[in-house]
Amino acid sequence: TILDSLKDTLVITAVGGGAQVVPFLTVYAVLPSSLLFLFMYSHASQHLSRAALFNAIVGTFMAFFVMFAFVLYPNAESLHLHSLADRLGQA
């Protein structure tokens, strides 16, 4: 899919990234998050109407993108754990 290819491209070309990171992300990030979404969607589809389920999913994605645009991306440098990595590297 397009998002999977985009993820691979961004990870491979990122500083400190590379092809060796893709399997790690697939196993420890993509697979658990997709299973979590599957279980949450299954539970919600049994308890919500079709329109409410659609609105909940669209609202969740919109909230994430708003949070990314206004909170995560502007504060990316302060959210990175560079100092922790430096301390662990020296120990």
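**Exercise 1.** Which elements of the protein have the lowest and the highest mean pLDDT?

*Solution.* Step 1: this is a predicted model, in which local features need pLDDT of at least 70, side-chain atom pairs count only at pLDDT 80 or more, and totals for chains, interfaces and linings use all residues. Residues are numbered from 1 along each chain as its sequence is written, and side-chain values use heavy atoms, with hydrogens and water left out.

Step 2: pLDDT is the predictor's confidence in each residue, from 0 to 100. Elements are DSSP runs numbered from the N terminus: helices (H or I, at least four residues) and strands (E, at least two).

Step 3: the lowest mean, 77, belongs to α1, and the highest, 95, to α3. The average over the protein is 87, and 99% of the residues score at least 70.

**Exercise 2.** Describe the largest pocket and its lining.

*Solution.* Step 1: a pocket is an open set of points on a 1 Å grid over the protein atoms alone, where a 1.4 Å probe fits, with protein on both sides within 12 Å along at least five of seven lines; lining residues have an atom within 4 Å of a point. A volume is the space filled by probe spheres set on the points, which are joined across faces, edges and corners.

Step 2: the volume of the largest pocket is about 1200 Å³. Its lining has 19 residues, of which L3, K7, L10, F64 and F68 are the closest to the centre.

Step 3: two or more lining residues come from each of α1 (2-13), α2 (21-47), α3 (50-72) and α4 (76-79). The largest share, six residues, is that of α2.

Step 4: sort the lining by class, with Ala, Val, Leu, Ile, Met, Phe, Trp, Tyr, Cys and Pro as nonpolar, Asp, Glu, Lys and Arg as charged, and the others, Gly among them, as polar. The result is 15 nonpolar, three polar and one charged.

**Exercise 3.** Repeat the description for the second largest pocket.

*Solution.* Step 1: the second largest pocket holds about 220 Å³ of space.

Step 2: its lining includes S33, F37, Y41, L53 and F61. Both α2 and α3 supply at least two residues of this lining, and α2 has the largest share, six residues.

Step 3: by class, the lining has ten nonpolar residues, two polar and no charged.
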